[in-house]
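Below are my notes on the sheet and the nonpolar cores. Please read them alongside the model.

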Amino acid sequence: MNLNSTAESVVLHVGGLHWATTAHGVEQTLLTRPGVLAVDANAISQTATVTFDPTRTDVAELQGWVRECGYHCAGESQPTHVCVPRIEPAGHPGGHAAPDAHARHGGPGTTVPHGHGGHDQAASHAAGVVISPHDAMGHGGHGGMSMDAMVADMRNRFLVAAVLSVPITLFSPMGRDMLGFGLPAPFGLRDEVFALVLSLPVVFYAGWIFFDGAFRALRNRTLDMMVLVAIAIGAGWLYSLYVTLTGGGEVFFEAAAVLTTFVLLGHWFEMRARGGANDAIRALLDLAPPMATVIRDGVEADVPTSEVLVGDLVLVRPGAKVPVDGVVREGRSEVDESMVTGESLPVDKTVGSAVVGASINTTGTLRVEATKVGADSALAQIVALVQQAQNSKAPGQRLADRAAFWLVLVAIIGGGLTFGAWLLAGASVQTAMLFAITVVVITCPDALGLATPTAIMVGTGLGAKRGVLFKNATALETSAKVNTVVMDKTGTLTRGEPEVTQVIAVGGDPHLDLVAAVERESEHPLAAAVVTHADALGVATRKAAEFRNVPGHGATAVVDGLDVAVGNRRLMESLGVDLSAAGPIRERVAAQGQTAVFAAVDGRIVAVIGLADAPRETSARAVAALHDQGVQVVMLTGDNQATAQRIAAQLGIDTVIADVLPGDKAAHVADLQRQGRVVAMVGDGVNDAPALAQADVGVAIGAGTDVAIETADLVLMRSDPLDVPTALTIGRGTLRKMRQNLGWAVGYNVVALPIAAGVFAGVGLTLRPEIAALSMSGSSLIVAVNALLLKRLRLPDEHHRRPGTPAAQAASGS
């Protein structure tokens, strides 16, 4: 599908998606609406990522269309304590909201609590909202409930069904004949009449969500699990009702009741597991403070963070969190940005410095002017990116979704054929009905529908906790197949800052104390590297006088009465310094890919200092971890061959491609792809944009708060090369879980369907509907729990991070 260049994407809250298969109905219906280009709904997170043409529709209209599907929608999914929730005023039919100062930039609709309730029925009617008739009756959708509330509601329904199923079963033929229960039904009622009375709350309260969901699915012209469960329960209960009202006979109210109980039990546990799959989003939302102190007209006031406006002056005291993105207007402090940007050390902030919302002010008091609030803030963008990745669908999942739809159709047709076949075989209506219901129940494709979304939810969440942000499920799946990683050198494998690699004395003492005294007066990066090296060695600090900077050459000064010069060959020649003794040393240093700096005292060369771009602390471990995964590492750089080879030798890199212009990097990536390689390109996301776009997986490293890099499929929040093998490990673990879940779901249906249909009844192998319901729910639960086991995935060299770093905090939090 071609998405036009003006297309926008929004993550909408969609309440009431009980099971994975129900999301298909929302997708299919919204895709028929004008201006909607793509939809990915996710029952696990209760959200949908909608790509739309803003010239033809807007968020408010999308919101109304979701409600027309029969689901609750309170607008754009964002944290309420960061983004103000949309209040739907009366007089805006279809859910169109009035303009709001806090609205999402670029469109009318705005934010909604992630996982929080929405509006009551009265408000919905006042706003002209289209709701399900079952919601209007006060029955049960989970419309505006949070996931926790949905789990509690499912538990309550299960308890009601379980308690009532016990007497229904005891007073059934099964209880009388198999369990030997002998007490007569109370009030002189026949057994089936008493069972009918007890079954009413089971069907019309506990099991009503199935009928409600089936109604929504059929209205949206789709088939899902709700339809199957509703058919199974409804057919059994209605047949038993008919028999009871026409004089009595063999009924199976107990089958309908226990079937309802077991389906609710399985999905109560499943929903609890699904809730755990979304821990990453909740952890991100918890980073932002709910309140902020603003200074308006000289008066301090505590207001909700969602009410902070662009231009507000925010007071941030020591120990408090910065509530929104902004610029320091007064004060100085060190700010811990580790939980947002991944920078492990506090960053010094002065007037004019940018600060990021959710970072922690450590020492001084700051007055910050808000520049980005609500959905425009860095944290909200990160949340949106993770949500969109979790809602996106891998190719395997799209196939599973189509298979699930057809499996529902197979279940319905199979149930009908099973019923007819048993009748033709001479079985009673009751026996044929039991087999038919069992087929319909056992074939429910919920496990198939959950197989990949749960794994993707956990995988993307696991990555988000470690600063590894997958933009979509395809990137997650493709990263598992990567066998070649191409890395840019400067800023990726190296820090992009020079460091002293060697100090070679010429004729005796290198006089590093005198050299450092001169360099302390300079602002050049090479000078700073020399000072850092001298300080690390504990060299005595001396005072320089008569400092003179020679641009492009070096610097001179007088230290302790001695004339000291530090710089390149041209500086030394201009001062008449003899370089004959130092020339060979310089050539050797340059051949190693290092920058050579001369130091002279009183006109005599005393040292040659080698400087080079320093590898990051974790670069060597990252390369080793990639090798452990069987991945070839290629360094692609514009630097000269000598410099590139030096870094490659230090880090153990397999292949070096040097002297490459930025525009040619994409061609080199394409060459590797033509060799049959699945390539991940790691770069800074700006100069390397063409290569990032060409690669199978484009990885932007060190992006920090810039999470909107269009060309990258994967964003590493930290400037840590070790996150590259971490990303591949997460991708491989996620794909492995997806395949395990799909294998289980398909295998379960292949084995269970003939048993349910009674093919093996001749050898005594049959299933009752209740057992079928238990096995079907258990299958879905197994899939969800198996995906959660991904949280135990061992990531490369996790122990190397210090306790205060983001990875350690994330690991301890999970």
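1. Two strands count as paired if DSSP finds at least two bridges between them; strands (E, at least two residues) and helices (H or I, at least four) are DSSP runs, numbered from the N terminus. On that basis A700 stands opposite V715 in β27. Strands β26 (697-701) and β27 (714-716) pair in the parallel sense over three bridges.

2. The model is predicted: local features need pLDDT of at least 70 and side-chain atom pairs count only at pLDDT 80 or more, while totals for chains, interfaces and linings use all residues. Residues are numbered from 1 along each chain as its sequence is written, and side-chain values use heavy atoms, without hydrogens and water.

3. Seven strands form an open sheet with mixed pairing, in the order β15-β27-β26-β25-β16-β23-β24. β15 (468-470) and β24 (655-657) are at the edges with a single partner strand each, so one side of each has no neighbour in the sheet.

4. Helix α27 (723-756) lies across β15, β16, β25 and β27 (contact: heavy atoms within 4.5 Å), at about 45° to β15. Axes are lines fitted to C-alpha atoms, for helices over the stretch in contact, with angles from 0 to 180 degrees between N-to-C directions.

5. The largest nonpolar core (buried Ala, Val, Leu, Ile, Met, Phe, Trp, Tyr and Cys joined through side-chain atoms within 4.5 Å; buried is under 20% relative accessible area, 1.4 Å probe, protein chains only) has 62 residues, and F210, L259, V263, L264 and V441 touch the most other members. Helix α9 (225-245) gives the largest share, 12 residues.

Note on methods
Buried means under 20% relative accessible area, exposed over 50%, partly exposed in between (1.4 Å probe, protein chains only).
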